[in-house]
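Here are some exercises to work through with the model open on your screen. Try each task before you read its solution.

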Amino acid sequence: MTTQLTRQGSSRPADPPPRTGLAAAGEWLRSPVAPYYLVLASAAALVSIGLVMVLSASSVRSYVETGSSYDVFVTQLAYAGVGILLAWGLSRLPVVWWKRLALPGLLVAVALQAAVFSPLGGDFQGNRNWIFIGGRSLQPSEFAKLALVVFGATVLARKRKVIGRVVHALVPFILPGAMLLIGLVVAGHDLGTAMIMVAIAGGMLFVAGLPLRWFAVVGLLVAGGIGYLAAGSGNRMQRIETWLGDTCTSPHVDGCFQKVHAEYALADGGWWGLGLGASREKWSLLPEPHNDFILAIIGEELGLPGSLTVLLLFAVLGYASFRIVADTPYPFVRLAAAGVMIWMLSQAVLNIGSVIGMLPIVGVPLPLVSSGGSALVAALMGIGLLLAMARSLPGCSEALSGRSSRLRRTLAAFPGAGQGGR
Amino acid sequence: MARRQSSTAAHHGVAHPQRRVRMLLLGTMIVFSLFAAQLVRLQGLDAATVSAAAIDERLKQVIIPATRGAITDVNGEPLAVDVDRVHIAVDPVNVAAYERWEDGELVGSGFSGAAQAVAEVTGEDPERLERVISTTEGRWAYLVKDVSPEVWQQVKDLGIPGVTPEEFHHRLYPLGESHAKLLGWLGAGEAPAGGVELTRHDWLTGTPGERTFEIGGNGEVITTGTAVDTPAVDGGDVRLSIDSDLQWYAYDALEKRVEEAKALSGYVLVQEVETGRIVTAATYPGFDPSDPEQTSEGMRNDVVEDVYEPGSTAKLVTAAAALEEGIVERDTPIVVPYRLPRGGKTFKDAHDPRTPWQTFGGVLATSSNMGTILYGEKLEDQQLHDWLRRFGLGTPSGLGLPGESGGVVPPVETWSRTSRYTLMFGQGLSSNALQQMSVYQTMANDGVRIPPTVVEGTTDDQGRYTAAPVPEGERVVSAETSQTLTEILEQVPTFFGTAPTAAVEGYHVAGKTSTADRYDDELGRYSRTTASFIGYAPSDDPKYVVAVTIQRPTEISQYGGTISGPVFADVMRYALQKAGVAPADEPLPELELTYDPKAQAPGHPRGVTLGDIAFSDERADG
């Protein structure tokens, strides 16, 4: 991205006087609109890669199950459309409205998560975290992550002066808010989502400024909790064993099937990939190729450039979030941006780590990329929140609305182009 | 970058959110760096070996069976052909997922649904099929064996998961028993048993191909994967010189005669005189090649594997030798006695001669053992032995059918006192039917022997036909000798001759009967006879030699003329008419086979009679 900006910047006549490309890029990165566009660009790129790769990875299974290779893709495309619309709408939601929606959001999230255990709920692959409404399935825990971020940001922003006192830090964000949601998710046996929510809650407390000594205590508790939950399930223990032990010499070793086939996919892809659409492992070999293991298929078809690009895009998203946190004077914005960042990055780390064998297989989708309607819509809503926060940065909103044409607004992303060109 | 805000946070006495977010970001970047390094390892550094293992898991190799070449008759009529067949195999684990929908309704599923669907197409019993699927332990069993590719296509169209084809070739013998022993047999295994299938196995067998491709988790072919096809090279075809019509006709005639005579077995050979090509080699009883199992005893090709004492048909060798050695001429007078003591044994003929005054021709035509000994004993032992060998007796014919036995012409050193006499009329040596026929082919072909062959030509997998060369002939006797002998043999199968049953109306036929004492291996002694007739026609320009041999007839008669003559006549007539050979338009020239002993001997001083110069048993008196 940097090189591209550099080339664009230097190729146009600039006023004030010409600078070197690197300096121009640096200047643009410091501009108040940079976080907004970085979020927009990285999220758009991830969603685009996701759609293309969902189509490729799901085509075989889709064809077998429905007779059309496009079945999963078309659904995903529809969800992406809904998600983008929601993200666009939410990005224009003023900060004050976000705060107002915090409590109702949490209540709705808790209600939906509780509904999983009602007759509306259902199981999928051993996890009870789905509800079925009007013929569509919905995974409320995905939306609960967003609710948790907004609720946490609202509460912790108000308590920023008393955050050093643990009771204030925990009530009402953790108790009852986060605990209720996480408890319901754990009750549904969705450990992966629960871990993300623990990360969001803990991360937001960390960012809010909770003294580090508490993290030592909580860290031990969390580690103990995870250990307890893992030991309680043979399935989870096996996943951990295959991760730590060097036992997976072939896909036929018990519990190694998915891990080894993910390695196969990445190895097949090699440096430059087999080419778009040419994955072998998606042919009923690697389980969940369009879902939790989509990165393996990306690596297989697009090679190392493909898989590293995904890493880079998440890094850009992380950097943009950090910029929002760093540039904003508003505690809510700071916490909300940090919350979304922790959400996206922790989920990406868990997912990618699972796929490349550096973490046990947890079973969380890759945000914005993996197939799955609820996850995509929720993640796009999270991006909407992030964009809204970016717009609230001092000078950003003015810079964006100060330009009448969308073209100019886009060009504003490139230093010198907006003014100099016209 | 964080510097602008850091002061604000510090006022509240808590940690700076920017700094903590920066810590988080930094931590994430470190993790991402590790991930990137791991990706470089997996996709770059270690990729080759892991990818090789991955491909190993996916690669599947399937043998493409090569089609075995066809065996046809001389007109291209198929005698042995490969047909594509399919065994349908089943994997019960996958079948469980089967669902059958009709008009949006689930009408069958799982084992019973699949069994029902397959049964409808194949006509099998659905209950049996369901039992096969449900009782199979493991993931593989034959569901339906041996169906046509068309039926398999219908089964495939049902879309039942876990039902797979196993293609194979089935050898079909359209003409069944009549050609069975000649062709040999190819059962379920690939190893041929007997006949042309065995001797031409290398040519008929193709090279199987191999298809290598990558398969997905459900066994589907990965369309973007590696795919290497080594096509099968089909085997070549073999065209025999056999005329299947004639062989079928001969087999039919033979079968009737063997059954009528309650004989053990029989064979009919037809050879083309000028080329030595075998046009018919029928053996009764044959075997049914469509039976899935055969015994080696049942597949034995008696026509080349049986050796037996030829009997009178071998007198032709003695006669030819005597003519060639200048011992006799056609009309040499011979006095045939009733009894002839030689080598400590007294020989006699099956029928006492009507008259003792027989010419050399008469002796041969009436098949007199006495007469044959009287002129034959003028031959040295070694001469007799060598002449037998010169006609190919005691040497495999080279026809190229498996298991041919060359028979035995005993060397002179091993002869007993009577050997030289019995050998003259075809006892005490052994040969197969082919060798004996070859003697007559030599006579029919003006004294030039052509080794018998049965392969007309071959067609390779590209469709290029190569004719098999006709072996070079070898002159055994002079044209004059063969002409003389033919004149004599013409007198045998006539309506007035000694074997009227072998006469073929409208044609002049030269031939010879034989009724040989048969050595019965089971009894371990001589018992009953081998009844045969060998002849060629039309005698002025012979087209075919036909040899009919029937072993151990027990009813009607035991004589060659009576038992085998009619079959000979039947087959020869059919062969000549099929070949469009014109019937003779002149009557057979008469040949005097007896003489008046008081008549003046030509070329001798006046008063010397034929009786005076005749070969007679001088030693009988003294």
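## Exercise 1: a small run of strands in chain A

I131(A) has L138(A) as its bridge partner in β3(A). Before going on, some ground rules: this is a predicted model, where local features need pLDDT of at least 70 and side-chain atom pairs count only at pLDDT 80 or more, while totals for chains, interfaces and linings use all residues. Residues are numbered from 1 along each chain as its sequence is written, chains are lettered from A and ligands numbered from 1 in the order in which they are written, and side-chain values use heavy atoms, with hydrogens and water left out.

**Task.** Work out how β2(A) pairs with β1(A) and with β3(A).

**Solution.**
- Step 1. Locate the strands: β1(A) covers residues 121–124 and β2(A) residues 127–133, while β3(A) covers residues 136–138. Helices (H or I, at least four residues) and strands (E, at least two) are DSSP runs, numbered from the N terminus.
- Step 2. Take β1(A) and β2(A): they pair antiparallel over four bridges. Two strands pair if DSSP finds at least two bridges between them. G122(A) has W130(A) as its bridge partner in β2(A).
- Step 3. Move on to β2(A) and β3(A), which are antiparallel too, over three bridges.
- Step 4. Check the turn: β2(A) and β3(A) make a hairpin with two residues between them, and G134(A) in that turn has a positive phi of about 55°.

## Exercise 2: where the chains meet

**Task.** Describe the interface of chain B and chain A, starting with how many residues are in contact.

**Solution.**
- Step 1. Count: 48 residues of chain B are in contact (heavy atoms within 4.5 Å) with 57 residues of chain A.
- Step 2. Get the area. The chains bury about 4500 Å² between them, 71% of it on carbon and sulfur atoms. Buried area is the accessible area (1.4 Å probe) that two parts lose on being put together, summed over both. R20(B), F35(B) and Q43(B) supply 17% of what chain B buries against chain A, more than any other three residues.
- Step 3. Look for charge pairs: the rule finds three salt bridges across the interface, each a side-chain nitrogen of Lys or Arg within 4 Å of a carboxyl oxygen of Asp or Glu. One of them links R280(A) to E214(B), with the closest N and O atoms 3.4 Å apart.
- Step 4. See which elements do the touching: α1 (3–11), α2 (17–45) and α3 (47–58) of chain B each give two or more residues to the side that touches chain A. α2(B) has the largest share, 22 residues.
- Step 5. Sort that side of chain B by type: 26 nonpolar, 15 polar and seven charged. Here Ala, Val, Leu, Ile, Met, Phe, Trp, Tyr, Cys and Pro count as nonpolar, Asp, Glu, Lys and Arg as charged, and the others, Gly among them, as polar.

## Exercise 3: two open sheets in chain B

**Task.** Why do β1(B) and β11(B) each have one side without a neighbour in the sheet? Then do the five-stranded sheet the same way.

**Solution.**
- Step 1. Write down the order: β1-β10-β11, three strands in an open sheet with antiparallel pairing.
- Step 2. Find the edges: β1 (59–64) and β11 (227–230) of chain B each have a single partner strand, so one side of each lacks a neighbour in the sheet.
- Step 3. Zoom in on β1(B), which is joined by six bridges to β10(B), residues 209–214. I63(B) sits opposite E210(B).
- Step 4. Add the helix: α3(B) packs on this sheet, touching β1 and β10 of chain B, and its direction makes about 40° with that of β1(B). Axes are lines fitted to C-alpha atoms, for helices over the stretch in contact, and angles run from 0 to 180 degrees between N-to-C directions.
- Step 5. Repeat for the other open sheet, β14-β13-β25-β24-β23, also with antiparallel pairing. β14 (278–284) and β23 (510–520) of chain B are at the edges, each with a single partner strand, so each has one side left without a neighbour in the sheet.
- Step 6. Pair up β13(B), residues 265–272, with β14(B): six bridges join them, and V270(B) stands opposite T280(B).

## Exercise 4: cis peptide bonds

**Task.** Where are P176(A) and P285(B) found?

**Solution.**
- Step 1. P176(A) is in helix α8(A), residues 173–187, and a cis peptide bond joins L175(A) to P176(A), with omega about 10°.
- Step 2. P285(B) is in the loop between β14 and α12 (296–299) of chain B; its cis peptide bond is with Y284(B), omega being about -5°.
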